[in-house]
Amino acid sequence: NMAVVNILTGIFVDNAMRIAAPDRDTQILEQRRRDQEDGKELKRILEEELGTENKGSISKDLFAEKVQEPHLQRYLASLGLEVKDVDLFFDTLAAASGDTEMS
């Protein structure tokens, strides 16, 4: 009798896991979309801060200066980011863009 209950429980759990799998995939895709939107917004904010004289790229020195501004720190905090090591943060973003400056 217990064996039948265990088998039924196993079948139920297996079916529940299969049903939940697409939800995880959807969540992952939604997170990726949010991350991309956040990246575009960060780029827009940096471009706005820099004006057009830098033609869409920012040096490490200028980034280090701008990231100290309170409104940019608040924005980064809203994304769950706190820049403690400006060099590492910049280098990570620059590596993601494939350049020594961010663009």
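This briefing walks through the helices, the nonpolar core and the aromatic cluster of the structure above. The model is a predicted one. The protein has 4 helices and 0 strands, and along the sequence the pattern reads α-α-α-α. Of its 103 residues, 17% count as buried. Among the contacts with a separation of 6 or more, 48% join residues 24 or more positions apart.

**Helix H4**

- Let's start with the length of H4, which covers residues 86-97: its 12 residues should span 16 Å at 1.5 Å a residue, and the end C-alpha atoms are indeed 16 Å apart, so the two values agree.
- The buried residues of this helix are Val 86, Phe 89, Phe 90 and Ala 94. Looking down the axis of H4, you will find its buried residues within an arc of 125 degrees, so they line one face of the helix.
- A general point helps here: an α-helix has 3.6 residues a turn, so residues three or four places apart point the same way.
- On the face of H4 turned away from the buried side sit the exposed residues Leu 88, Ala 95 and Ala 96.
- The partner of the buried residues of H4 is helix H2 (60-66), against which they pack.
- Both ends of the helix are worth a look. At the N-terminal end, Asp 85 acts as a cap, with a side-chain oxygen 3.2 Å from the backbone nitrogen of Asp 87. After the helix comes Gly 98, which has a positive phi, near 80 degrees.

**Helix H3**

- In H3, Leu 72, Tyr 75 and Leu 76 are buried. Around the axis they cover an arc of only 100 degrees, which means that they lie on the same side of H3.
- Arg 74 and Ser 78 are exposed, on the face of H3 turned away from its buried side.
- Here too a glycine with positive phi follows the helix: Gly 80 comes after H3, with phi near 85 degrees.

**The nonpolar core**

- The largest nonpolar core has 14 residues, and the members that touch the most others are Leu 42, Phe 63 and Leu 72.
- Two or more residues of this core come from each of helix H1 (2-50), H2, helix H3 (70-78) and H4. H4 contributes the most to the core, with 4 residues.
- As general background, nonpolar side chains tend to be buried together in soluble globular proteins.

**The aromatic cluster**

- The structure holds 2 aromatic pairs. In one of them, the ring centres of Phe 63 and Phe 89 are 5.8 Å apart with the planes at 10 degrees; planes under 30 degrees apart count as stacked, so this pair is stacked.
- This pair links distant parts of the chain, as Phe 63 belongs to helix H2 and Phe 89 to helix H4, 26 residues apart.
- Phe 63 is buried because its relative accessible area is 2%, under the 20% limit. Phe 89 has a relative accessibility of 16%, so Phe 89 counts as buried as well.
- Phe 63 also pairs with Phe 90: the ring centres are 5.6 Å apart and the planes lie at 50 degrees, so the pair is tilted.
- With Phe 63 in helix H2 and Phe 90 in helix H4, this pair ties together parts 27 residues apart in sequence. Phe 63 and Phe 90 are both buried.
- Taken together, Phe 63, Phe 89 and Phe 90 make up one aromatic cluster.

Notes
Residues are numbered from 1 along each chain as its sequence is written. This is a predicted model: local features need pLDDT of at least 70, side-chain atom pairs count only at pLDDT 80 or more; totals for chains, interfaces and linings use all residues. Side-chain values use heavy atoms; hydrogens and water are left out. The expected span of a helix is 1.5 Å times one less than its number of residues. Buried means under 20% relative accessible area, exposed over 50%, partly exposed in between (1.4 Å probe, protein chains only). The arc is that of the directions from the helix axis to the C-beta atoms. Contact means heavy atoms within 4.5 Å. A polar contact is a pair of N or O atoms within 3.5 Å; within protein, one must be able to donate a hydrogen and the other to accept it, and residues adjacent in sequence count only if both atoms are side-chain atoms. A nonpolar core is a set of buried Ala, Val, Leu, Ile, Met, Phe, Trp, Tyr and Cys residues joined through side-chain atoms within 4.5 Å. Rings of Phe, Tyr and Trp (its six-membered ring) pair if their centres lie within 6.5 Å; planes under 30 degrees apart count as stacked, over 60 as edge-to-face and the rest as tilted.
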